[in-house]
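Biologist: Please show me the model, and then we can go through its packing by question and answer.

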Amino acid sequence: MQLLLAYLNNHRPETVHVDMHQAENDAKSLYKAGEGRLGTDEAAIIHILSTRSAAQLNASFNIYRQMYGRDIEKVWGTLFS
C-alpha cells in the first residue's frame, strides 16, 4: 500500500536516459535496505522504486545481480513474504 501511495505522490520520470553511477548507488542502497541488514528498510526501497524511471530501475537491478549474484525479484520474494 505504501508503494502505491508513493507512486501517486511522486513524479516518476519516464526517460530512457540511465545514469550508471546512480544505478550502482541504488543497487547498493537496495542491498543495504534488504539483504544487507536485519529487517527491511521499506522506506528506502519505496523511495527508489517510486522516484526512478523504469530504465533506471532496470539498470539498478542488473547491477544488483552483477554485484550480489541474485535477482532482486527473488530477494524481495523472500523479504516480503
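The questions below deal with the fold, the helix pairs, the core and some single residues.

Biologist: How many helices and how many strands are there in the protein chain?
Modeller: This is a predicted model. From the N terminus on, the elements run α-α-α-α-α. The count for the protein chain is therefore 5 helices and 0 strands.

Biologist: What share of contacts between residues at least 6 apart in sequence join residues at least 24 apart?
Modeller: The contacts considered are those in the protein chain between residues at least 6 apart in sequence. Of these, the share joining residues at least 24 apart is 77%.

Biologist: Is helix 2 parallel, antiparallel, perpendicular or oblique to helix 4?
Modeller: Helix 2 covers residues 20-33 and helix 4 covers residues 54-68; their axes come within 8 Å and cross at roughly 60°. An angle between 35 and 65 degrees is neither roughly parallel nor roughly perpendicular. Helix 2 is therefore, relative to helix 4, oblique.

Biologist: Which hand does the crossing of helix 2 and helix 4 have, and which classes of residue make the contact?
Modeller: The crossing is right-handed. On the helix 2 side the contact includes Met20, Ala23, Ala27, Leu30 and Tyr31, and on the helix 4 side it includes Ala59, Phe61, Ile63, Tyr64 and Met67. Charged residues of helix 2 also take part, among them Glu24, Asp26 and Lys28. By class, the contact has 11 nonpolar, 3 polar and 3 charged residues.

Biologist: How does helix 2 run relative to helix 3, roughly parallel or roughly antiparallel?
Modeller: The axes of helix 2 and helix 3 are 8 Å apart, and the angle is about 150°. Angles over 145 degrees count as roughly antiparallel. Helix 2 is therefore, relative to helix 3, roughly antiparallel.

Biologist: What is the make-up by class of the contact of helix 2 with helix 3?
Modeller: Helix 2 passes helix 3 in a left-handed crossing. Asp26, Ser29, Leu30 and Ala33 in helix 2 meet Ala44, Ile45 and Ile48 in helix 3. By class, that gives 5 nonpolar, 1 polar and 1 charged residues.

Biologist: Which helix supplies the largest share of the largest nonpolar core?
Modeller: This core has 15 residues, of which Leu30, Ile45, Leu49, Phe61, Tyr64, Ile72 and Trp76 touch the most other members. Helix 2, helix 3 (42-51), helix 4 and helix 5 (72-79) each supply at least two residues. The largest share, 5 residues, comes from helix 4.

Biologist: Which residues does Tyr64 contact, leaving aside its neighbours within four places in sequence?
Modeller: Tyr64 is one of the core residues that touch the most other members. Its contacts outside that sequence window are Ala27, Leu30, Tyr31, Glu35, Gly69, Arg70, Ile72 and Val75.

Biologist: Is Tyr68 buried, partly exposed or exposed?
Modeller: Tyr68 is in helix 4. Leaving aside neighbours within four places in sequence, Tyr68 is in contact with Ala27, Lys28 and Tyr31. Tyr68 and Lys28 are 40 residues apart in sequence and 9.4 Å apart in space, C-alpha to C-alpha. At 26% relative accessibility, Tyr68 counts as partly exposed.

Biologist: Is His21 buried or exposed?
Modeller: His21 is in helix 2. His21 and Ser60 are 39 residues apart in sequence and 9.5 Å apart in space, C-alpha to C-alpha. With a relative accessible area of 56%, His21 is exposed.

Definitions and conventions. Residues are numbered from 1 along each chain as its sequence is written. This is a predicted model: local features need pLDDT of at least 70, side-chain atom pairs count only at pLDDT 80 or more; totals for chains, interfaces and linings use all residues. Side-chain values use heavy atoms; hydrogens and water are left out. Axes are lines fitted to C-alpha atoms, for helices over the stretch in contact, and angles run from 0 to 180 degrees between N-to-C directions. Helices (H or I, at least four residues) and strands (E, at least two) are DSSP runs, numbered from the N terminus. Angles under 35 degrees count as roughly parallel, over 145 as roughly antiparallel, 65 to 115 as roughly perpendicular and the rest as oblique. A crossing is left-handed if the near helix is turned anticlockwise from the far one by less than a right angle, and right-handed if clockwise. Contact means heavy atoms within 4.5 Å. A nonpolar core is a set of buried Ala, Val, Leu, Ile, Met, Phe, Trp, Tyr and Cys residues joined through side-chain atoms within 4.5 Å. Buried means under 20% relative accessible area, exposed over 50%, partly exposed in between (1.4 Å probe, protein chains only).
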